[in-house]
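Hi,

Here's the structure I promised to pass on. Have a look at it, then read my notes below.

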Amino acid sequence: MLRARSWSRGTVGLITVLIASACSSGATTAPQSDAAGTPTKVEVVSWWTTGGEATGFNKIVDLFNSRNPQWQVYTNAIAGGAGSNAQAVLENRVRAGDPPDSFQVHMGHELLDTYVTPGLMDNLDDIYQANGWTTQFPRGVLQIVSANGHYYSVPADIHRANVLWFNRTLLSDNHLEPPATWQDFFTVADALKAVGVTPLAVGDSGIWANGMILETILIGALGAEGFEGLWTGATDWRSSKVTDALDTYRKVLTYVNPDHATLSWDLAADRLISGQAAMTIMGDWANGEFTNKRFTDYGWAAAPGNGGIYQALADSFGIPSKAQHKDAISKFLALLGSAQGQDLFNPYKGSIPANTTAGNPPADGQQYTDYQKAAMAEWKTDTIVPSMEHGAAAAPAWKAAIEQALGRFVAGGDVATLQASLVQACKDAGVCK
Ligand code: GAL
């Protein structure tokens with residue numbers, strides 16, 4: 001059974017305080033097809049452009065379109081991992097009253113602060129009730145797609161962020177084990193460096209990938225509760241534990257590929273495939289990427305010091321109040337949230353289904369990988385913490401402030417300045433005194 005609790009007390013607490021009343025739409029519903037019988041186009045925006053991600057989503061789109069010839073759902077994909085380009089475009093479009101029919105948005109602060117609080121989304125209570133989802137999604141998930149007792153988006157997946165991926169042959173040929181602690185990491189990394197292998201592949205052309213490394217170090221240093229406290233004000237960003245974590249972070253970054261700033265996350269993952277690098281820290285969309293590229297010589301472990309802690313995030317899709325094709329998109333979201341939809345999509349995506357009635361032999365040819373089977377089990381037993389970089393833990397403006405500080409640090413800053421900026425970012429977010 002899934003635990004009946006939230007990912008983040010902070011997330012939920014903030015939600016309760018922040019959310020404005022539910023909004024409903026004044027938009028008109030466009031015709032389903034024109035006189036010539038040409039299907040009506042229904043636009044969905046995502047940032048899924050790479051192999052496993054795009055393939056998985058297209059499976060659902062294709063199934064929907066084949067069942068509903070009067071409509072043609074199409075993906076308007078905006079490249080840039082973690083939505084680094086798509087999110088600004090989306091926010092502008094939705095605020096300007098020119099939204100797509102639906103779009104990818106992380107559950108938690110990203111959804112609620114950006115779109116729900118300002119009253120830009122429809123409430124999806126009817127879809128939730130009609131499909132029995134109020135008992136099919138875990139309570140913690142339901143809490144962070146909802147506000148004031150109304151549901152606002154449909155989760156497509158659950159991703160784990162704090163995973164260490166490694167090239168199995170590179171480690172075993174060098175008689176190395178995947179590091180369980182950051183101290184172990186330095187020993188393993190020195191041994192790899194000595195034989196000319198990049199220890200840790202990073203692709204932070206979007207700084208978010210670097211931020212994920214810092215998050216895993218903070219989780220290891222502070223534990224689940226201490227890490228969550230960073231986002232609620234209960235943990236002091238000025239503490240010596242945070243200083244130690246930042247020192248570790250500085251040192252870890254001396255073991256990465258020198259061209260990290262020019263690579264995207266998937267090109268960094270490619271370094272494991274080519275054997276140029278031995279490890280990378282990335283969310284489990286890397287699992288989908290490896291599978292899509294038919295790379296099987298990879299192993300995984302919780303990021304160093306992160307054992308028993310599942311840092312979670314989820315992609316979801318809602319309906320903007322000004323969407324043009326609500327009948328079509330409601331039906332599409334019903335498929336996306338169903339067990340069938342989730343078992344079509346997630347095996348390619350690398351994630352696990354959010355709908356607890358999914359996870360069975362999938363509807364399509366693609367099976368869940370061993371990684372995914374292990375993740376499904378750990379999701380039920382680990383302690384869940386939210387991801388900052390992927391919209392769950394912190395308000396978007398706070399995330400942006402942290403990323404600015406990280407950008408300066410990675411370009412040659414020092415730990416004291418970084419810590420001062422992080423302290424200030426928490427104050428500016430209104431969470432720390
Ligand atoms: C995350 C998203 C994942 C994956 C990843 C890389 O923000 O939740 O589904 O797309 O970015 O782009």
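Which residues are the closest to the ligand? They are Ala82, His106, Asp315, Lys349 and His390, among 14 that surround the ligand (a residue is near if one of its heavy atoms lies within 4 Å).

Before going on: this is a predicted model, where local features need pLDDT of at least 70 and side-chain atom pairs count only at pLDDT 80 or more, while totals for chains, interfaces and linings use all residues. Residues are numbered from 1 along each chain as its sequence is written, and side-chain values use heavy atoms, leaving out hydrogens and water.

Back to the ligand. Its shell divides into six nonpolar, five polar and three charged residues (nonpolar is Ala, Val, Leu, Ile, Met, Phe, Trp, Tyr, Cys and Pro; charged is Asp, Glu, Lys and Arg; the others, Gly among them, are polar).

Now the polar contacts (pairs of N or O atoms within 3.5 Å). A polar side-chain atom of Trp47 is 3.2 Å from a ligand oxygen, and one of Lys349 is 2.6 Å from a ligand oxygen. With Ala82, a polar backbone atom lies 2.9 Å from an oxygen of the ligand. The protein buries 100% of the 300 Å² that the ligand exposes when taken alone (Shrake-Rupley method, 1.4 Å probe).

Elsewhere, Thr248 and Ser146 are 102 residues apart in sequence and 37 Å apart in space, C-alpha to C-alpha.

Cheers

How values were computed
Polar contact = N/O pair within 3.5 Å; in protein donor to acceptor, adjacent residues only side chain to side chain.
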